[in-house]
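Let's take a walk through this fold and look at how its helices and strands meet. Have the structure open and follow along.

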Amino acid sequence: MLVSTRRTLLSGMFWGALWMVPLALVPLAIGEAIDKGIAARDTGSLLTWAGLVLGLGIVLAISDLKTNRAGDRVWIDSAGLMQRIVLRHATHVGADLPKKIKTGEIVAVGSSDLHGIGGLASVITRLTGGVVAFVVVAIMLLTSTPILGLAVVIGVPLATLGFVPLLKPLRARTEIHRDEVGAATTMAADIVSGLRVLRGIGGERKFTERFGTTSQRVRKAGVEAAKIDSWLSGIEVFLPGLVTILVVWLGARLALDGTITVGELVAFYGVSAFLVIPVSVATEAAHHYSEAIVAARRACAILALEPALKSPQDPKPLPSGSFGLRDETSGLTFAAGQLTVVTTTEPVAFADRLGRYTDAPVFAEDVSLRDADIDEIRDRVLVAHNQDVLFSGKLADEVDMGKSVDLRTALWAADAMDVVDGLEHGTDEYLAERGRTLSGGQRQRMLLARALSFDADVLVLDEPTSAVDAHTEARIVQRVAELRNGRTTVVFSQSPLWTRVADRVYTA
């Protein structure tokens, strides 16, 4: 992905230069056509220069198309690359991520920060063309008429530097705006996740007011940043305009004195008018640069996060097959290949210990999980909490983990086939985020089916049937016991239905 993005960026820079240079040369060619064709009454020269202008126009049209395509592609590639890197690292940090950073910060990377990164990468293609075109034009003007060339060479950079003092306040206000966006996104995520509870206690109005207040802070921060941006927009027109006026006035005086021809005057005017474009691109680049710096700092803050638990330098392999576990904290042993039920008031903490989500003394046979590779643990020990979530997408894609237990078998064991049969498109039905279109019991059965389809060597289930009725639970208990026969399974549940099929029952 990185190589492809770099290649696209270099291609865009090439086409950007090939777009800007002909655009700058057109006024010079028109000036030559006036002097050597019209003024000299030389039809051949006029046609030659007219043909050159036409050729430049064709090159300009093709390169403009290529530049825009490359710019759009590098925007998408760079924004997508940033998203992938940040989200991959966020996944690597794992369960500790919510403790280290707000949810809104992660969401804002994919909803707003990518625009700054993508915008900067995209404008580089045109900015490169502007710089190359300015150098070419400056050399030609200094060669033909030094005094006008100096006016352009000195005036345009000064006009470009005119907006530099505004960059620091723009970046500061953009940073404030980004902070407010992150806070609003976090609040929105919290409200959506707790919407059902809020409705139950009549808290919708209160949280609507709070979100409205936060939204107004976002709006005000955006307006403050836009004020600086508006000054940049004004300067990008005003200062190059002054340079154009100076060039036209000076050129007109030189033309009256006979120092330059009418064609040269037209050429100089056209070139000075053209130079507004590179200045405009430079201003746009400055704006995107300010946004990109803020976005990059946020992304780097996420990339600097480290997972609480890491693999040792020389990890020991876990036992082959379906191994047992021994929890030193509770003193309980979970035999290999058996279904063990534990009744406890702290199932979440217990389950997290067994899955190595907390740093606790747990052994897989004689191998401490502290000495094992984290990735191997994640691949072979699955902890499924009843508060886990379903992602949006096709049901088959979200539930089927692609292991040896096929989707229909997992759905049968979780007694979820009736849910699938009730959907219009069956396993191809598109699930909403968090499975909001399903009831609590249906959603819990889908989560159980997903856990079963993973076919882990050790499966830890935290209250897997707490939201279903007794008849459904009885079927699930029997089917899970049958499916997981000979595999290590630990179930945290208060239900007597689970204890009836268990090989061993603990109370902790």
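Before we get to the sheet, a quick word on pairing: two strands pair if DSSP finds at least two bridges between them. Keep in mind too that this is a predicted model.

With that in hand, start at strand β1, residues 325-327, which is joined to β2 by three bridges, the two strands running antiparallel. One of the bridge partnerships is easy to find: D327 is matched with L332 in β2. Now widen the view. β1 and β2 belong to an open sheet of four strands, ordered β2-β1-β4-β5, with antiparallel pairing. At the edges sit β2 (332-334) and β5 (367-368), each of which pairs on one side only. A helix joins the picture here as well: α11, residues 347-354, lies across β1, β2 and β4 (362-364). Its direction makes an angle of about 125° with β1.

Next, the helices. How do α9 and α10 sit relative to each other? The axes of α9 (residues 262-274) and α10 cross at roughly 10° and come within 4 Å. Angles under 35 degrees count as roughly parallel, and α9 and α10 are therefore roughly parallel to each other. Where they meet, S272, A273 and F274 come from α9, while V276, I277 and P278 come from α10. Sorted by class, that contact has five nonpolar residues, one polar and no charged ones.

Stay with α10, residues 276-303, because α10 also packs against helix α2 (residues 43-93), at an angle of about 30° and with the axes 9 Å apart. That makes this pair roughly parallel too, α2 with α10. If you look along the contact, α2 passes α10 in a left-handed crossing. On the α2 side, the contact is made by M82, I85, V86 and H89; on the α10 side, by A299, I302 and L303. Here the tally is six nonpolar, one polar and no charged residues.

Finally, jump to α16 (residues 440-453) and α17 (residues 470-483). They pack at an angle of about 5°, with axes 12 Å apart, so α16 and α17 are roughly parallel to each other. What makes the contact between them? From α16 come R445, L448 and L452, and from α17 come T472, I476, V480 and L483. By class, the contact of α16 with α17 has five nonpolar residues, one polar and one charged.

Note on methods
Residues numbered from 1 in each chain as written. Predicted model: local features only at pLDDT ≥ 70, side-chain atom pairs only at ≥ 80, totals over all residues. Heavy atoms only, no water. Axes fitted to C-alpha atoms, helices over the stretch in contact; angles between N-to-C directions. Parallel < 35°, antiparallel > 145°, perpendicular 65-115°, else oblique. Contact = heavy atoms within 4.5 Å. Nonpolar A, V, L, I, M, F, W, Y, C, P; charged D, E, K, R; others polar. Left-handed = near helix turned anticlockwise from the far one by under 90°.
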